[in-house]
Amino acid sequence: MKPTHIEHIGIAVNSIAEAIPFYEKVLGLKCYNIEEVADQRVRTAFFMIGQTKIELLESTDPEGPIGKFIEKRGEGIHHIAYAVESIEERLREAEEAGIRLIDAAPRRGAEGLSIAFLHPKSTFGVLTELCEDRERDNNKQ
Ligand code: ZN
């Protein structure tokens, strides 16, 4: 797949308002975007560190994926996202390699990225996200 970098690390929290001061005051990062992704029933807060983001995920619905995750496992690391190019081809490669896909086709995630998840049963317990920043890639050309 040759990911170029870790695009972000997704961290499930009960409350982004309560978690932001740790990232800003203790780690000294700056929250540059808060965005609700209705589709995934989450509110997200982003911090940049090098080329990588920290994505805090607060559930907006106890029945949503983050609500269920926190209920089962508590707050903590939820997923790792790799930046890739040509995400449809990468998904096809993963499927050919026998990896179980959560998303057979990419969908729109926070910050306008095209995203797709691989199932943690196929990835040694880590929910794995592929991300493609098409706008940035188009701007490069
Ligand atoms: Zn993510």
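The exercises below work through a predicted model, each followed by its solution.

**Exercise 1. The zinc site**

Task: Which residues coordinate the zinc ion, and which geometry class does the site fall in?

Solution:
- Step 1. List the donors. They are His 8 (NE2), Glu 55 (OE), His 79 (NE2) and Glu 129 (OE), at 2.0 to 2.6 Å.
- Step 2. Take the angles. Among the four donor atoms they run from 82 to 171°.
- Step 3. Test for tetrahedral. That class needs all angles between 85 and 135 degrees. The range of 82 to 171° does not fit, and the site is irregular.
- Step 4. Read the spacing in sequence. The donor residues follow H-x46-E-x23-H-x49-E.
- Step 5. Place the two histidines. His 8 sits in strand E1 (residues 5-13) and His 79 in strand E5 (residues 76-83), so the pair ties together parts that are 71 residues apart in sequence.

**Exercise 2. The surroundings of His 8**

Task: Is His 8 buried or exposed, and which residues are its bridge partners in E5 and E4?

Solution:
- Step 1. Check burial. His 8 is buried, and so is His 79. Strand E1 is mostly covered, with seven of its nine residues buried.
- Step 2. Turn to E5. E1 and E5 pair antiparallel over seven bridges. In E5, Ala 81 stands opposite His 8.
- Step 3. Turn to E4 (residues 52-59). E4 runs parallel to E1, and six bridges join them. Here Lys 53 is the bridge partner of His 8.

**Exercise 3. Arg 90**

Task: Where is Arg 90 found, and what does its side chain contact?

Solution:
- Step 1. Locate the residue. Arg 90 belongs to helix H3 (residues 87-96).
- Step 2. Classify its exposure. The relative accessible area of Arg 90 is 12%, and the limit for buried is under 20%, so Arg 90 is buried.
- Step 3. Find the polar partner. The side chains of Arg 90 and Glu 93 make a polar contact at 2.7 Å.
- Step 4. Add the contacts beyond four places in sequence. Arg 90 touches Met 1, Val 84, Glu 85 and Leu 130.

**Exercise 4. Aromatic pairs**

Task: How many aromatic pairs are there, and what is the arrangement of Tyr 32 and Phe 46?

Solution:
- Step 1. Count. There are three aromatic pairs.
- Step 2. Take Phe 22 and Tyr 23. Their centres are 5.0 Å apart, with 85° between the planes, an edge-to-face pair.
- Step 3. Take Tyr 32 and Phe 46. The centres lie 6.2 Å apart and the planes are at 40°, so this pair is tilted.
- Step 4. Compare exposure. Tyr 32 is partly exposed at 38% relative accessible area, whereas Phe 46 is buried at 2%.
- Step 5. Look for a cluster. Phe 22, Tyr 23 and Phe 47 form one.

Conventions:
Residues numbered from 1 in each chain as written. Predicted model: local features only at pLDDT ≥ 70, side-chain atom pairs only at ≥ 80, totals over all residues. Heavy atoms only, no water. Donors = N, O, S within 2.8 Å, 3.2 Å for Na, K, Ca; no water. Tetrahedral: all angles 85-135°; square planar, octahedral: opposite > 155°, others 65-115°. Helix = DSSP H or I, 4+ residues; strand = E, 2+ residues; numbered from the N terminus. Buried < 20%, exposed > 50% of the residue type's maximum accessible area, 1.4 Å probe, protein only. Pairing = 2+ DSSP bridges. Polar contact = N/O pair within 3.5 Å; in protein donor to acceptor, adjacent residues only side chain to side chain. Contact = heavy atoms within 4.5 Å. Phe/Tyr/Trp six-rings, centres within 6.5 Å; stacked < 30°, edge-to-face > 60°.
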